Amino acid sequence: MISATTVEPSLLARYDRPGPRYTSYPTAPNFSTGFDESDFRRFAEVRGHRPLSLYVHVPFCSNPCFFCGCNRVITRSVARGEEYVRRLLQEIERVGPLFRDRRVEQLHFGGGTPNFLAPAQLGRIIEVLRRQFDFAPNCEISVEIDPRVLGNDDVRKLADLGFNRASLGVQDFDPDVQVAVNRLQSMEQTVNAIGDCRRAGIHSINVDLMYGLPRQTREGFHRTLEAVLDMRPSRLAIYGYAHLPQMFKGQRQINSDELPDPNTRVALLGMAIGALTAAGYRYIGMDHFALPEDELALAQDSGTLQRNFMGYTTRGGSDLLGLGVSAISHIGNSFSQNPRDLSEWERALDRGALPVWRGLSMDEDDVIRADVIGRIMCQGDVDIAAIERQYAIDFWTYFAGARPLLEELASDGLVWACSSRIVASPKGRYFLRLIAGCFDRYLPAGGAVSSGGYSKIV
Ligand SMILES: C[S@@+](CC[C@H](N)C(=O)[O-])C[C@H]1O[C@@H](n2cnc3c(N)ncnc32)[C@H](O)[C@@H]1O
Ligand code: SF4
């Protein structure tokens with residue numbers, strides 16, 4: 001079992017620097033506006049290809065959480081929601097014909113707050129998606145839910161629409177923290193939301209918590225952990241608060257003097273790791289925990305776990321099609337992203353275009369590195385012979401540049417590297433993105449970047 005003490009504060013201090021989270025490789029900051037709609041169509045039109053995961057972004061929230069780093073628009077206007085749905089349906093109808101021969105195995109609504117939209121509106125989106133795409137009978141349909149804006153009968157209606165997974169935002173139950181981050185959410189609201197899900201037959205439930213928030217204390221966070229563990233969700237995400245006020249204006253409302261110091265931050269994470277593992281949860285990697293019988297843990301055991309913009313996923317080998325403002329797609333060896341700005345996304349749709357803002361066409365080197373980085377992020381383990389066979393390379397000649405960095409991490413006990421394997425040590429698994437960074441051609445020499453734009457490793 002991994003205990004709270006396995007990550008020494010001295011290690012944290014040494015590696016407490018920003019770095020990519022590798023929900024993709026190359027990462028989104030490397031996308032270029034030179035990649036446009038015609039490039040997207042070229043990749044989409046390759047036939048007989050992989051199954052699809054669909055992601056639908058709903059940007060609206062009725063209240064700003066000050067910590068929020070998501071692409072969201074604060075409004076209470078029902079009319080804006082309706083306008084958004086109207087354009088989203090246009091986007092779906094425009095892009096659907098390009099993917100006629102693909103099976104949809106997964107559909108996820110993220111945000112923002114997808115349940116800002118009424119179940120009937122979500123239902124219309126699903127109906128048009130079902131008309132345009134071929135859904136697998138066992139398709140996983142999931143939604144991020146903010147328990148504070150959930151109507152009485154909403155979850156049952158969502159289950160009737162086919163939703164079979166839910167992810168609930170909680171963050172912390174400590175009232176002091178809730179005031180500091182402008183997110184007042186009672187325990188009752190969360191308990192009720194989970195109860196509603198279970199009664200409606202949605203048993204796969206994830207809960208999001210965050211550490212590193214202003215006014216967070218060990219005692220308060222301990223109580224939050226105990227309360228959440230009592231609810232026994234099948235998955236838990238414990239995100240480290242990424243404080244990037246230059247990028248996210250709302251975060252300027254947070255008093256940085258109230259942020260826990262790096263030692264407290266790592267203690268909070270250590271406490272979460274200790275409590276969750278003691279309660280029987282498995283650490284999957286990068287903030288994510290799951291019960292051993294959960295599909296995520298089973299996929300990790302069988303080597304089929306994958307990482308994409310939605311986090312970890314069991315549906316390996318799929319292409320990802322992102323719909324809505326700021327959504328990212330990964331089709332074949334390409335990445336592309338819709339405009340992050342809502343009015344730009346609207347304008348693209350209004351002039352009859354597919355709203356592609358920027359993207360990237362992977363070269364062979366990107367593909368090889370993405371594979372290695374994916375194995376590190378998902379399994380914490382790279383079988384070197386498998387990579388050599390697949391890409392006809394001599395691994396250590398090809399990645400000679402990664403060696404000094406890996407040796408530095410090895411001397412700190414975070415990773416073991418030899419001629420046949422690279423394996424993250426148990427404590428190294430909390431630094432996966434640092435290990436992955438050794439193979440990132442786009443990072444400046446020395447591994448993780450030193451300036452803003454990326455969140456801290458721990
Ligand atoms: C899009 S939100 C999910 C759902 C919904 N909007 C809610 O808050 O209930 C996804 C999650 O991202 C996490 N998150 C948001 N801002 C973050 C930040 N600055 N650093 C780390 N995690 C963050 C929160 O845990 C949040 O629940
Ligand atoms: S955390 Fe969720 S509810 Fe809060 S502002 Fe961000 S997206 Fe909206």
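Modeller: Buried area is the accessible area, taken with a 1.4 Å probe, that two parts lose on being put together, summed over both. This is a predicted model, in which local features need pLDDT of at least 70 and side-chain atom pairs count only at pLDDT 80 or more, while totals for chains, interfaces and linings use all residues. Residues are numbered from 1 along each chain as its sequence is written, chains are lettered from A and ligands numbered from 1 in the order in which they are written, and side-chain values use heavy atoms, with hydrogens and water left out.

Colleague: What area is buried between domain 1 and domain 2, and what share do carbon and sulfur atoms give?

Modeller: The domain bounds, which come from an automatic or database domain assignment, give domain 1 as 1-18 + 363-441 and domain 2 as 31-322. Their C-alpha centres lie 27 Å apart. The contact (heavy atoms within 4.5 Å) takes 14 residues from domain 1 and 20 residues from domain 2. The area buried is about 1,400 Å², and the share from carbon and sulfur atoms is 65%.

Colleague: How many residue pairs are in polar contact between domain 1 and domain 2?

Modeller: Salt bridges (a side-chain nitrogen of Lys or Arg within 4 Å of a carboxyl oxygen of Asp or Glu) number zero between domain 1 and domain 2. A polar contact is a pair of N or O atoms within 3.5 Å; within protein, one must be able to donate a hydrogen and the other to accept it, and residues adjacent in sequence count only if both atoms are side-chain atoms. Between the two domains, with both residues at pLDDT 80 or more, the count of such pairs is four.

Colleague: Which residues of helix H7 are buried?

Modeller: Helices (H or I, at least four residues) and strands (E, at least two) are DSSP runs, numbered from the N terminus, and H7 covers residues 187-199. Buried means under 20% relative accessible area, exposed over 50% and partly exposed in between, with a 1.4 Å probe and protein chains only. The cover over the buried residues of H7 includes helix H5 (154-160) and strand S6 (165-171). The buried residues are Thr-190, Ala-193, Ile-194, Gly-195 and Cys-197.

Colleague: Which backbone nitrogen does the side chain of Asp-294 reach?

Modeller: Asp-294 is found in the loop between strand S10 (288-290) and helix H10 (295-302), and its relative accessible area is 8%, so it is buried. Leaving aside neighbours within four places in sequence, Asp-294 is in contact with Ser-234 and Arg-235. At 2.9 Å, its side chain reaches the backbone nitrogen of Leu-296.

Terms used. Expected span 1.5 Å × (residues − 1).
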